[in-house]
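Student: I am new to this structure and would like a close look at a single part of it. Please take one strand and work outward from there.

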Amino acid sequence: MKITNAEFIISAVQPHQYPSDALPEIALAGRSNVGKSSLINKLILRKNLARTSSQPGKTQQLNYYRVNEAVYFVDFPGYGYAKVSKTEREAWGKMIERYLQNREELKLVLHVIDIRHDPSKDDVLMFNWLKHYGIPMCIVCTKADKIPKSQWEKHKKAVKTTLGADARDRLVLFSSETGMGREELWDVIKDSAGFASEEQQGMTES
């Protein structure tokens, strides 16, 4: 995927703050420090557009990034961080639930899991929630470069088993360090968002 333009647009909390240009939206959900910001930066080939932080739980809004004037990435607050107050967690939960249930522009949720560890209880809850409401999803297992290639299949199986995923649930191995999985994930995103690849665009223009 060739990136011609990528920019941060807004940190939104209420629906009236969401962009109104009706572009397809790809949301990213995962626990704190799972690497969502790094994943976005690797997808768009920018080092620091998505704000990474050494402080888990820092993201408290829906952060919108517009790419190629064609699609938005919507970065959710990370869940499962103990130092965030119960009141804050409940507020974030309501904000995310409202977005997931009501946002017509939402085309896909990237459910981000650290491949080195079995999914947490919060990961399982998020997966079941997305399944229950029929929201399209792709499991993205980050930090694949941190374990030997010979262990990838074992860890993928553990992730799917713990989540309760089946053969129809898409899973992409990803590394923000090496770029592994970038093109595969872009193919999933383009298919879900409904916009053509560069090759298809070229054929249409010709």
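Tutor: What follows starts at one strand, β2, and moves from there to the sheet, the cores and the parts that call for caution.

The model is predicted. The protein chain has an average pLDDT of 86, and 85% of the residues score at least 70. Residues 54-58 fall below 50 in pLDDT, and this stretch has 8 contacts in the model beyond near neighbours in sequence. Over residues 198-206 the pLDDT also stays under 50, with 4 contacts in the model beyond four places in sequence.

Strand β2 covers residues 25-30, and A29 is one of its residues. Is A29 buried or exposed? The relative accessible area of A29 is 1%, and the cut-off for buried is under 20%, so A29 counts as buried. Several residues pack against A29: leaving out residues up to four places away in sequence, A29 touches K36, F76, Y79, V109, L110, H111, V112 and M126. A further residue, I96, is 67 residues away from A29 along the chain, and the two C-alpha atoms are separated by 9.4 Å.

Now the sheet around β2. It is an open sheet of 7 strands with mixed pairing, and the order is β1-β3-β4-β2-β5-β6-β7. In that order β2 stands between β4 and β5. At the edges are β1 (6-12) and β7 (170-173); each has a single partner strand, so one side of each is left without a neighbour in the sheet. On average, neighbouring strands here are turned by 25 degrees against each other, direction ignored.

On the β4 side, β2 and β4 (residues 71-75) run parallel and are joined by 4 bridges. One residue of β4, D75, is the bridge partner of L28. Strands of a sheet can pair in either a parallel or an antiparallel way, through backbone hydrogen bonds. A helix also meets β2: α3 (residues 121-132) lies across β2, β5 (106-114) and β6 (137-142), and α3 runs at about 160 degrees to β5.

F76, one of the residues that A29 touches, leads to the nonpolar cores. The largest nonpolar core has 34 residues, and those with the most contacts inside it are L62, F76, Y99, L100 and I139. Helix α2 (residues 86-102) gives the most to this core, with 4 residues. A second, separate core has 28 residues, including M1, I26, L185 and W186. L62, from the largest core, is in contact with residues that include I10, Y18, V74, F76, M95, I96 and Y99, setting aside neighbours within four places in sequence.

L185 and W186, named in the second core, are among the buried residues of α5, as are R182 and K190. Helix α5 (residues 182-193) has 12 residues, which at 1.5 Å a residue should span 16 Å; the end C-alpha atoms are 16 Å apart, so the two values agree. After α5 comes G194, with a positive phi near 80 degrees.

Back at β2, the chain goes on into the loop between β2 and α1 (36-43), where N33 lies. Most residues other than glycine have a negative phi. N33 is not a glycine, yet its phi is positive, about 65 degrees. With a relative accessible area of 43%, N33 is partly exposed. L45, in the loop between α1 and β3 (62-67), likewise has a positive phi, near 55 degrees.

Definitions and conventions:
Residues are numbered from 1 along each chain as its sequence is written. This is a predicted model: local features need pLDDT of at least 70, side-chain atom pairs count only at pLDDT 80 or more; totals for chains, interfaces and linings use all residues. Side-chain values use heavy atoms; hydrogens and water are left out. pLDDT is the predictor's confidence in each residue, from 0 to 100. Contact means heavy atoms within 4.5 Å. Helices (H or I, at least four residues) and strands (E, at least two) are DSSP runs, numbered from the N terminus. Buried means under 20% relative accessible area, exposed over 50%, partly exposed in between (1.4 Å probe, protein chains only). A nonpolar core is a set of buried Ala, Val, Leu, Ile, Met, Phe, Trp, Tyr and Cys residues joined through side-chain atoms within 4.5 Å. The expected span of a helix is 1.5 Å times one less than its number of residues. Two strands pair if DSSP finds at least two bridges between them. Axes are lines fitted to C-alpha atoms, for helices over the stretch in contact, and angles run from 0 to 180 degrees between N-to-C directions.
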